[in-house]
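Dear colleague,

Please find below the structure that I am handing over to you. My account of what was found in it follows directly after.

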Amino acid sequence: MKTNYLRNLGITVVMTFIFAGCKKNETTDTGIANTDTVSAAAEVATATTTCSAPAWASMNGGTTGGDTAKPTVVSTYDALKAAIQNTSIKVIQVDGTITIPSGGRISFQDQTGKTIFGSPGATLASTDQTKDKSGIIYVKRCKNIIIRNLIFDGPGAYDTDGWDNATLDACTNVWVDHCEFRDGLDGNFDIKNTSDYVTVSNCKFTYLKAPKAGGPGGSDDHRFSDLIGSSDGATADRGHFRITFVRCWWAQGCVARMPRVRFGQVHIVNNYFSSTVSKSCIQAGFEANLLVESNIFENVKNPIDLMDKNSTAVQTRSNVFTNTSGTNAGNGIQAFVPPYSITVLDTANVKSTITGTDGAGATLAGNSCSSL
């Protein structure tokens, strides 16, 4: 399989440059961005890349985003917002650092088949810590979406009941890959409201800024990274939240919710947890069905928190706990069986893979494909 994949990849690269030589002057009329801000070679590489999602996002018809559409390159807030909200634009390339203005959280709604990816170092930044004017992007009722190689840089944790850096709401078939989420106000990246068939791969979650204490929500340290499911009473979420977290890194600064899960069938496989300020890592909430497999927990507290012990299943296997304290066992109930195939790394290779040059975070050259 690997030999065939490499052969096919080589053919694709050759055909790409032949195609580029024949049609190097072809443009896409989007009415928004000038794509000359990147080299022609970069445009060709990104325009013809088809990256198919692994794990849960590969089910239900799969996730290919905007596929091979030519990228629209954006480097300003106005251009980014216009491109995201224009349904005819299928691939967006973010270049440089774009600051989200106060109250400018971008609403990305009711679209199908779109990719947003970053050039090396591309960053979406927010500095607002107020309840209503915070946040970077809110994705709602979208299907077949890919978000890759972006840094989401929030203002720092402050419990004002504000917005996360990014939220998925009622979305299906979403692949979030090689992104870095840091210093979210309310959270780094949350998934809610019947979202389904989601894969989060090669992502890094961290808090680099000191939390702001004294928020009206009651927490003096709200560095709570990732929440799946908004409440125990949201029973419409039953049968949804089929999510994979694979080769992700919950790094320094994360205190809890790595992730916290309600309902869903969530596969947490080959991840690395290393925040020395942690109070709880994986949190198994109401009716959570978790398969926790071949992860590395290092210098953390409560690697697996059973909370109120009302989960459906928390199955652990082949995890490694180094210098940890607190709970690290499941509830003795076998979890769901993933319907997809995925390469599971031996735990001896997990940390080096995730922290390596092309590991977790926005470490890609652009929209180049990576395999699991």
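I begin with a single pairing: T123 has I151 in strand 9 as its bridge partner. Please bear in mind throughout that this is a predicted model.

That bridge belongs to the contact between strand 6 and strand 9 (residues 151–153), which pair in the parallel sense over three bridges. Strand 6 also pairs with strand 3: the two run parallel, and four bridges join strand 3 to strand 6 (residues 123–126). Among the residue pairs involved, I98 has L124 of strand 6 as its bridge partner, and T99 is bridged to A125 of strand 6.

The side chains of strand 6 also deserve a remark. T123 and A125 point one way from the strand, L124 and S126 point the other way, and all of them are buried. This can be set beside a general rule: in a regular strand the side chains alternate between the two faces of the sheet.

These pairings are part of a wider arrangement. The sheet is open, has nine strands with parallel pairing, and follows the order 3-6-9-12-15-18-21-24-27. Strand 3 (97–100) and strand 27 (320–322) stand at its edges; each has a single partner strand, so one side of each is left without a neighbour in the sheet.

As to the chain as a whole, it contains four helices and 27 strands. It has 372 residues, of which 54% count as buried. Among contacts with a separation of 6 or more, 72% are between residues 24 or more positions apart. The chain exposes about 14,900 Å², and carbon and sulfur atoms supply 50% of that area.

After strand 6 the chain enters a loop that leads to strand 7, and D128 is found in this loop. Is D128 buried or exposed? D128 counts as buried, at 12% relative accessibility, because the cut-off for that class is under 20%. Leaving aside residues up to four places away in sequence, D128 touches S102, K133, S134, P155 and L185. One of these, P155, lies 27 residues from D128 along the chain, and the C-alpha atoms of the two are separated by 6.1 Å.

Turning to internal space, a search of the whole structure finds two cavities of 30 Å³ or more. The second largest cavity has a volume of about 30 Å³. Its lining is made up of I137, V139, I147, A166, L168, V176, F181 and F189. Strand 7 (137–140) and strand 10 (166–169) each supply at least two residues of that lining.

The cysteines may be dealt with briefly. The structure holds zero disulfides. C248 is in no disulfide; the nearest cysteine sulfur, that of C203, is 4.9 Å away, and a disulfide requires the two sulfur atoms to be within 2.5 Å. C248 is buried, with a relative accessible area of 0%. C254 is likewise in no disulfide, and the nearest cysteine sulfur to it, that of C281, is 8.8 Å away. C254 is also buried, at a relative accessible area of 0%.

Finally, some points of backbone geometry are listed for your inspection. As background, most residues other than glycine have a negative phi, and most peptide bonds are trans.

- The peptide bond from M258 to P259 is cis, with omega near -10 degrees. P259 lies in the loop between strand 18 (249–250) and strand 19 (260–261).
- A170, a residue other than glycine, has a positive phi, near 55 degrees. A170 is placed in the loop between strand 10 and strand 11 (172–177), and is partly exposed, with a relative accessible area of 21%.
- N202, also a residue other than glycine, has a positive phi near 55 degrees. N202 belongs to the loop between strand 14 (196–201) and strand 15 (204–206), and is buried, with a relative accessible area of 9%.

With kind regards

Technical notes. Residues are numbered from 1 along each chain as its sequence is written. This is a predicted model: local features need pLDDT of at least 70, side-chain atom pairs count only at pLDDT 80 or more; totals for chains, interfaces and linings use all residues. Side-chain values use heavy atoms; hydrogens and water are left out. Two strands pair if DSSP finds at least two bridges between them. Buried means under 20% relative accessible area, exposed over 50%, partly exposed in between (1.4 Å probe, protein chains only). Contact means heavy atoms within 4.5 Å. Accessible areas come from the Shrake-Rupley method with a 1.4 Å probe; for residues, only the protein chains shown count as cover. On a 1 Å grid over the protein atoms alone, a cavity is a set of points where a 1.4 Å probe fits but cannot get out, and a pocket is an open set with protein on both sides within 12 Å along at least five of seven lines; lining residues have an atom within 4 Å of a point. Grid points are joined across faces, edges and corners, and a volume is the space filled by probe spheres set on the points.
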